[in-house]
Amino acid sequence: MTTFAPAARGTLAARVGTPSVRRVRRHARTRTATVCVGLVVALAVASGVALSLGDYPLPLAELLATLTGQGTTASNFIVLGLRLPRVLTGILVGACFGLSGTTFQCLLRNPLASPDIIGISYGASAGGVLAILLLGWSGLLVSGAALGGALLAATLIYAVAYRGGLSGYRFVLVGVGVSALMVAVVNYLMTRAEVFEAQAALVWLTGSLNGASAGQLRTLALACLVLVPLLLLAGRTLLVLQLGDDVAASVGLRVEAARLAVIALAVVLAAVATAAAGPVGFVAFVAGPVAKRLTGGSGPSLVPAALVGALVVVVSDVAGQHLLPFQLPVGVVTAAVGAPYLLYLLIRSNRAGVGG
Amino acid sequence: MALTAERSAPTRRTPSPAGRAPARRTTPVLLLAGLALLLLVLASLAIGARSIGFDTVLDALTAYDPTSADQLVVVTSRLPRTVLGLLVGAALGLAGCVMQGVTRNPLADPGVLGVNGGAALAIVLGISVFGVSSVSGYVWFAFLGAAGASVLVYSVAALGREGATPVKLALAGAAVTAFFGAFTTALLLSDQSTFDQFRFWQVGSLNGRDLGVAARVLPFLLVGGVLALVLGRSLNSLAMGDDVARGLGARVGLVRLGSALAVVLLSGAATAAVGPVGFVGLTIPHVARTLVGNDYRRILPASMLLAPVLLLAADVVGRVVARPGEVQVAIVTAVLGAPVFVALVRRHRLAGL
């Protein structure tokens with residue numbers, strides 16, 4: 001995928017750097033590591049809470065016993081059969097959206113360029129709503145239709161935007177056009193349907209973990225197992241692409257091939273996640289900026305972004321299920337949880353005079 | 001692909017033969033757009049579920065006779081929606097231009113300032129809590145919601161030393177929009193009858209509004225429109241980056257505040273009048289940019305004329321395609337506009353922002 005020599009980070013740069021430069025780099029790496037550990041701990045706590053809360057609350061000791069294989073029949077069924085698939089689906093979906101979103105934002109160098117805006121999520125939405133409202137499908141078939149819609153939209157955008165090379169600017173604008181078309185399809189279908197059918201479609205459109213099952217989780221996990229390491233490997237390529245086409249080409253990157261590969265990975269990640277839980281809003285958008293402000297780095301912080309995405313989804317699902325007297329789908333809560341935090345980070349960085 | 005605000009290279013204002021070519025095209029483009037607009041106004045008055053001849057249309061406008069059914073349709077139904085189409089189209093085109101100029105982001109549309117998110121939440125609250133059920137009742141709720149949301153977005157982004165930078169504006173706007181959207185969706189999911197009303201408002205439409213709606217939003221549109229047109233020069237300076245703009249003597253903070261005010265007035269009033277119409281504000285400025293070049297003093301008037309062309313054409317087509325029913329203007333706008341927009345984006349070497 002890339003012929004770029006591994007000089008961007010680490011060995012060479014560290015050797016030529018002055019002691020003070022080295023100190024700064026070490027500091028940045030330590031901070032990223034600390035942030036990651038903190039996020040993992042927070043994710044573990046949130047998952048623990050998600051597993052123990054519910055109509056049948058489990059104390060921590062019993063939860064740990066169940067997870068290590070010494071539970072009763074009832075707790076086995078509730079934790080391993082019902083709650084664990086839901087939590088794991090939430091973690092994976094969040095991580096996928098986080099990774100995909102931050103990849104697009106870095107690649108296209110635009111904080112607004114998450115898969116929601118450039119048409120991929122709306123492709124999935126149109127596919128899903130078409131399946132629900134026109135064909136009367138449900139469950140896995142809707143997931144399939146969403147996956148198809150997302151891939152179709154992405155292929156369409158790429159095919160139309162490609163003209164002897166793919167300019168990021170053109171990709172984004174074509175995406176905007178396609179996305180407007182898909183939104184129009186969704187809105188049209190919503191006004192033509194019966195109101196209860198439209199409301200069912202609305203639940204799916206906001207994204208929900210209610211349909212999470214062990215079978216679906218297995219497919220999702222398998223896809224993640226292949227896609228996530230590939231995208232993490234591409235992280236360094238992304239770092240170079242972020243410098244702009246000319247610089248990237250001058251340091252030996254095959255820009256076109258690298259960009260196609262990274263876009264394809266990010267699209268498939270977003271599509272797989274959407275197929276599993278519906279287009280859960282805002283996660284893809286918020287994960288990158290939050291991760292960037294936590295680590296303070298300038299490059300694409302892929303692992304922190306994935307963790308932030310997972311954390312947002314799991315916390316939102318717990319809040320949506322237990323905070324109010326009635327249950328809300330996770331996609332409603334993600335924005336309510338994520339947005340104030342991003343605003344807080346924006347305000348705080350303003351005070352420090354950093355901004356941006 | 002200079003997509004980021006910070007890195008866009010400010011080279012485009014150097015006068016070169018290539019740069020002057022679009023400028024020469026400005027007058028023909030404006031004339032053609034004006035002509036198209038005139039024809040569309042006539043078409044919009046004449047075409048619909050009931051076809052009415054041009055002579056009857058002229059009669060209705062000059063010597064109105066309320067006993068004639070045809071003239072009644074023209075004056076009470078088609079005239080308001082044509083006027084609204086003109087006003088709202090011009091407003092959305094201008095607002096989109098100003099928004100993209102001030103955030104220096106090609107993906108910015110008036111909605112980025114939180115206008116649509118705030119209006120939607122206010123409408124849903126209006127329907128479910130205060131029992132509002134008429135289009136004219138929606139107007140004030142929508143306008144208040146839009147204004148409130150944009151004040152919130154702007155103040156969050158403007159805190160701190162360097163003020164409302166483009167990136168902070170975009171992030172804060174998207175975050176606030178999503179935050180409001182969460183509450184809107186939560187309310188809609190728990191209240192079916194509100195959802196049943198809201199889903200029709202959500203698809204922007206020119207239908208069912210009377211001239212009173214237009215009269216109510218007109219003052220806001222006029223003030224906002226004048227403000228936007230005056231800003232052209234300052235937006236040109238901003239396009240070169242904050243530091244250069246300051247060096248050239250532009251008062252960056254003031255320009256941003258004025259732009260935000262213009263966008264709120266224009267798009268808030270437009271959304272209040274017809275509901276959210278997303279595609280116009282986002283894409284028309286790009287079309288104008290490919291036609292007349294990069295000078296905001298030319299882009300702004302071009303957008304102001306081109307946007308109502310799209311909106312009125314979409315409205316007329318929407319009346320014809322699903323006879324005897326109608327397809328809402330926001331839907332037709334996207335379906336008609338998207339292929340044209342994509343073709344333009346493909347054909348032309350794009351001007352960076």
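# A guided tour of chains A and B

Begin by selecting residues 82–99, 111–132, 138–157, 169–189, 213–232, 253–279, 299–317 and 329–346 of chain B, which are the places where UniProt, in an unreviewed entry, puts the feature "transmembrane region". Keep in mind throughout that what is on the screen is a predicted model.

Two of these spans can be looked at singly. Select residues 138–157 of chain B, where the chain is 100% helix and 0% strand and the end C-alpha atoms are 28 Å apart. Then move to residues 169–189 of chain B, again 100% helix and 0% strand, with 30 Å between the end C-alpha atoms.

Next, display both chains and turn to the place where they touch, where 51 residues of chain B are in contact with 55 residues of chain A. On the chain B side, the elements that each supply at least two residues are α6 (166–190), α7 (192–202), α12 (278–292) and α14 (329–347). If you colour these elements separately, look for α6(B), which gives the largest share of that side, 17 residues. Colouring by residue class instead divides the side of chain B that touches chain A into 32 nonpolar, 13 polar and six charged residues.

Now select helix α13 of chain B, residues 296–321, whose 26 residues reach 36 Å from the first C-alpha to the last, close to the 38 Å expected at 1.5 Å a residue. Centre the view on B:Ser303, and you will be at the middle of a kink of about 25 degrees in α13(B). The helix is mostly covered, with 22 of the 26 residues of α13(B) buried.

From there, go to B:Leu37, which lies in helix α1 (residues 17–46) of chain B. Apart from neighbours within four places in sequence, B:Leu37 is in contact with B:Leu305, B:Pro308 and B:Val309. B:Leu37 counts as partly exposed because it has 19 C-beta neighbours inside 10 Å, where 20 or more would make a residue buried. For a distance to try in the viewer, take B:Leu37 and B:Leu84, which are 47 residues apart along the chain and have C-alpha atoms separated by 13 Å.

Finish with chain A on its own, which has 15 helices and zero strands. Its radius of gyration is 21 Å, close to the 21 Å that the globule rule gives for 356 residues, so chain A is as compact as a globular protein of that length. Taken along the principal axes, the C-alpha atoms of chain A fill a box of roughly 60 × 50 × 40 Å, and 50% of its 356 residues count as buried. Among contacts in chain A between residues at least 6 apart in sequence, 75% join residues at least 24 apart.

Note on methods
Residues numbered from 1 in each chain as written. Chains lettered and ligands numbered in written order. Predicted model: local features only at pLDDT ≥ 70, side-chain atom pairs only at ≥ 80, totals over all residues. UniProt positions renumbered as here; feature names shortened; annotations may be inferred. Helix = DSSP H or I, 4+ residues; strand = E, 2+ residues; numbered from the N terminus. Contact = placed C-beta atoms within 7 Å. Nonpolar A, V, L, I, M, F, W, Y, C, P; charged D, E, K, R; others polar. Expected span 1.5 Å × (residues − 1). Bend = angle between axes of the 7 residues up to and from the residue. Buried ≥ 20, exposed ≤ 12 C-beta atoms within 10 Å, placed from the backbone. Rg over C-alpha atoms; globule rule 2.2 N^0.38 Å.
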